[in-house]
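Reader: I should like to learn how to read a protein model. Could you guide me through the features of one chain, step by step?

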Amino acid sequence: MARNEEKAQSMLYRFREAQAAELGLAQKGDKRPRMASACKSLRDCERWRGEILREISRKVSKIQDAGLTDYEVRDLNDEINRLMREKRHWENQIVALGGANYRRNVAMLDEDGKEVPGTRGYKYFGRAKELPGVKELFQRNTEKEDEENRVYAYYKKYLDQGPAYFGDFDEDDEELLRYEKEAEEHEWEEAYQRLRTSLNLPNDTPVPKIPRPDPVPLSKIMAELSQPGEDANMMGAGNGETDSGRARHPPMLSVLSPADLQHPKMPTKEEMEGVLLALRKRALLEQYLGDETPA
């Protein structure tokens with residue numbers, strides 16, 4: 001039987017080796033380039049990325065060993081992070097050569113949907129999370145998240161409020177309008193008393209009325225403006241005709257349509273969730289499929 005050295009020198013072996021090199025198949029003697037940008041073959045980039053993934057998988061399994069010392073765990077964790085950075089370089093080169101986009105910028109989440117600490121930048125794997133100094137870092141992040149949750153729970157009662165919370169319905173409250181009218185008249189009388197004292201006017205001088213119409217709820221104004229004959233009445237008022245009902249309205253409201261006086265329609269919580277979900281889907285499609293848009 002021929003030896004391995006003799007097989008390597010045979011014509012058939014060298015022919016198969018040259019054929020495999022032309023097809024871009026893996027060769028045991030090949031070494032992974034130090035610079036990912038130096039590789040111009042998409043097939044080779046995919047092969048080196050797969051090799052790095054296998055190395056990461058082996059080291060992640062090894063770092064779970066309870067018999068390792070803290071120094072060995074730190075060294076293994078550093079090697080895994082170095083391989084992760086190298087994998088990212090190869091993924092960038094694959095995208096530059098027109099290949100698939102393997103880059104994922106989605107943060108790792110726990111069962112509560114919160115971002116796991118230590119998932120961006122330098123990462124900790126296996127027993128590295130239990131090293132002295134690292135465990136306290138995770139605990140501090142957890143305490144900070146708990147404090148943020150308490151603050152959010154306090155301000156949550158002020159969220160998702162309707163238009164009434166912002167005072168959009170104040171113009172429809174007749175009791176509030178009546179209270180504001182009385183307060184304005186009281187301030188008007190006090191101001192006139194101060195003016196009469198400063199000008200030395202007689203005390204029996206009557207207090208003039210406030211030059212403004214009486215307040216009317218906005219709903220009544222909109223109902224009157226939406227009547228069919230309102231446009232004709234407005235034209236008649238412009239020609240000098242008087243209308244007892246229209247005298248109460250502010251002049252500026254005559255140029256507004258009922259649609260302009262409607263309260264703005266606030267989106268519901270379900271509608272906002274649908275919009276956010278659509279934006280999230282579009283971001284994921286752009287991330288994994290590039291600039292392509294779904295048909």
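Author: Let us begin with the surface. The model is a predicted one. The accessible surface of the chain comes to about 22,800 Å², and carbon and sulfur atoms supply 53% of that area. Of the 295 residues, 17% count as buried.

Reader: Which elements does the chain contain, and in what order do they run from the N terminus?

Author: The chain has 9 helices and 0 strands, so the order reads α-α-α-α-α-α-α-α-α. Contacts add another view: among those with a separation of 6 or more, 60% join residues 24 or more positions apart.

Reader: What span should helix H6 have at 1.5 Å a residue?

Author: The expected span is 1.5 Å times one less than the number of residues. Helix H6 covers residues 174–199, which is 26 residues, so it should span 38 Å; the C-alpha atoms at its ends are 37 Å apart, in agreement. Within H6, the residues Leu177, Tyr192 and Arg196 are buried. Asparagine 200 follows H6 and has a positive phi, near 55°.

Reader: Is leucine 68 buried or exposed?

Author: The general idea is that a residue counts as buried under 20% relative accessible area. Leucine 68 has 13% relative accessibility and therefore counts as buried. This residue lies in the loop between helix H3 (42–62) and helix H4 (70–96).

Reader: Which residues is leucine 68 in contact with, leaving aside its neighbours within four places in sequence?

Author: Leucine 68 is in contact with Lys62, Ile63, Val73, Leu76 and Arg127. The case of arginine 127 is instructive: 59 residues separate it from leucine 68 along the chain, while their C-alpha atoms are separated by 9.1 Å.

Reader: How many salt bridges does the structure hold?

Author: The structure holds 9 salt bridges. In one of them, the side chains of glutamate 86 and arginine 32 meet at 2.8 Å, N to O. Glutamate 86 belongs to helix H4 and arginine 32 to the loop between helix H2 (11–23) and H3, so this pair ties together parts that are 54 residues apart in sequence. Glutamate 86 counts as buried because its relative accessibility is 15%. Both residues also belong to a network of salt bridges that links Arg32, Glu51, Glu55, Arg82 and Glu86.

Reader: Where do arginine 49 and glutamate 91 lie?

Author: Their side chains meet in a salt bridge of 3.2 Å, N to O. Arginine 49 is in helix H3 and glutamate 91 in helix H4, so the pair ties together parts 42 residues apart in sequence. Lysine 87 also forms a salt bridge with glutamate 91, with the closest N and O atoms 2.9 Å apart. Lysine 87 and glutamate 91 both lie in helix H4, 4 residues apart, about one turn of the helix. Arginine 49 and glutamate 91 are both buried, and lysine 87 is buried too.

Reader: How many aromatic pairs does a search of the whole structure find?

Author: The search finds 2 aromatic pairs. Tyrosine 122 and tyrosine 124 form an edge-to-face pair, 5.2 Å centre to centre with 70° between the planes. Tyrosine 154 and tyrosine 155 form an edge-to-face pair as well, at 5.0 Å and 85°.

Reader: Which residue lies over the face of tyrosine 102?

Author: Arginine 49 lies there, at 3.8 Å from the ring centre. Similarly, arginine 47 lies over the face of tryptophan 48, at 4.3 Å from the ring centre.

Technical notes
Residues numbered from 1 in each chain as written. Predicted model: local features only at pLDDT ≥ 70, side-chain atom pairs only at ≥ 80, totals over all residues. Heavy atoms only, no water. Helix = DSSP H or I, 4+ residues; strand = E, 2+ residues; numbered from the N terminus. Buried < 20%, exposed > 50% of the residue type's maximum accessible area, 1.4 Å probe, protein only. Contact = heavy atoms within 4.5 Å. Areas by Shrake-Rupley, 256 points an atom, 1.4 Å probe, with all protein chains shown as cover. Salt bridge = Lys/Arg side-chain N within 4 Å of Asp/Glu carboxyl O. Phe/Tyr/Trp six-rings, centres within 6.5 Å; stacked < 30°, edge-to-face > 60°. Lys NZ or Arg CZ within 6 Å of the ring centre and 35° of its normal.
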